[in-house]
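Colleague: I would like to go through this model with you, one question at a time. Please keep the answers short.

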Amino acid sequence: MRAWQFTGVNEPLHLAELPEPTPAAHEIVLAVKAAGLCHSDVSFIDGTITPLLGHVPIVLGHETAGVVTAVGADVTDFAVGDRVGIPATTDGPGTAVNGGFAEYVAVEARLAVHVPDDVDFEQAAPAMDAARTAYRAVETFGQVTAGMNVGIIGFGGLGSLGAQIAKAVGATVYVAEVNESAWERVRELGVAGVSADIRDFEDAGLDVIVDFAGFGTTTVSAVDAVKHGGRIVQIGLARETATLSMQKITMKEITIVGASNGEKSEAEAVLALIASGGLRSHTVPITFDEIPLYVDKLTAGDVSGRAVALL
């Protein structure tokens, strides 16, 4: 099979001919139908988080969906022909073992989820990481419910999903996005307001603010803007540190929590939300051969949406 292999820090991905995987007793093999590209892939390649990889060389690709072509002897939850997604995890394909930038991928059955028939693979792949992460921030840690006023900082791949998820549960959503060229797309979502700074919505009584940007200054703005007794969910990691007003956090009785990748059950919840029409990633479909090109585009910040390779 063909596979795009990472061979070393700052080295271009290498197109390799590898044996098709065969499943161990507890594994399934997928014919990859869609593989999402993530900024984490850039960070693996440039050395930032390379130590997380299980081995080098390795096939990257941790947002993967496809069709089961083989099952191990001990697998009971999946059968040949099933539509399956692989939620991103540090002990899964694309991180610990060979991933989805290939024509086939093997995965432990315990890690996989069923993809509903009415969710296309182009949407299923980014749901395994980006959409699931946004869901965890808004639903699990944000505890957003119907009737709340919610601030979303950043309207990129994750923030746009977070805004949709908040609207889907019945919240009123306000978006802060410094890139004014994205405002038209924000407004198309039907939000209550969009501005460059979340502090412009301080009078809206924001129950929850989710900072998908994480530039430090954005978290400062969230502390200023959230209502008394409100909650801030930190998920963006553009800066390692932020200087916050302890007086404001204390006197306003603000709760600040961090959110990260997510659980398998959250991937299943996201797929159900996509199937119901309540969520859709802004994707950029590409070919298998274009994966290295779009890794470079991601590095340059030149991709508007989630690039997804379709096989």
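Colleague: Which residues does serine 281 touch, not counting residues up to four places away in sequence?

Modeller: This is a predicted model, where local features need pLDDT of at least 70, side-chain atom pairs count only at pLDDT 80 or more, and totals for chains, interfaces and linings use all residues. Residues are numbered from 1 along each chain as its sequence is written, and side-chain values use heavy atoms, with hydrogens and water left out. Contact means heavy atoms within 4.5 Å. On that rule serine 281 touches Gln123, Pro126 and Leu161.

Colleague: Is serine 281 buried or exposed?

Modeller: Serine 281 sits in the loop between α7 (264-275) and β15 (283-287). Helices (H or I, at least four residues) and strands (E, at least two) are DSSP runs, numbered from the N terminus. Buried means under 20% relative accessible area, exposed over 50%, and partly exposed in between (1.4 Å probe, protein chains only). Serine 281 has 9%, so it is buried.

Colleague: Where is the kink in helix α2 centred?

Modeller: Helix α2 covers residues 121-141. The bend at a residue is the angle between axes fitted to the seven residues ending there and the seven starting there. For α2 the kink is about 65 degrees, and its centre is alanine 127.

Colleague: How many residues of α2 are buried?

Modeller: The helix has 21 residues. It is largely enclosed by the rest of the structure, because the buried ones number 18.

Colleague: Which strand gives the most to the lining of the second largest pocket?

Modeller: A pocket is found on a 1 Å grid over the protein atoms alone: it is an open set of points where a 1.4 Å probe fits, with protein on both sides within 12 Å along at least five of seven lines, and lining residues have an atom within 4 Å of a point. This one holds about 190 Å³ of space, a volume being the space filled by probe spheres set on the points, which are joined across faces, edges and corners. Of its 17 lining residues, the closest to the centre are Glu27, Val97, Asn98, Ala106 and Val107. With five residues, the strand that gives the most is β7 (residues 104-108).

Colleague: How many salt bridges does the count come to?

Modeller: A salt bridge is a side-chain nitrogen of Lys or Arg within 4 Å of a carboxyl oxygen of Asp or Glu. By this rule the count is 14.

Colleague: How many residues apart are aspartate 289 and arginine 2?

Modeller: These two form a salt bridge, with the closest N and O atoms 3.0 Å apart. Aspartate 289 lies in the loop between β15 and α8 (291-299), while arginine 2 lies in strand β1 (residues 2-6). The pair links distant parts of the chain, and the separation is 287 residues.

Colleague: Is aspartate 224 buried or exposed?

Modeller: Aspartate 224 forms a salt bridge with arginine 199, the closest N and O atoms being 3.1 Å apart. Arginine 199 is partly exposed, at 36% relative accessible area. Aspartate 224 has 12%, so it is buried.

Colleague: Which residues are linked in a network of salt bridges?

Modeller: The pair just described belongs to it. The linked residues are Asp197, Arg199, Asp224 and Lys248.

Colleague: What is the relative accessibility of aspartate 211?

Modeller: Aspartate 211 is in strand β12. Its contacts beyond four places in sequence include Ile153, Thr218 and Val233. It counts as buried because its relative accessibility is 0%.
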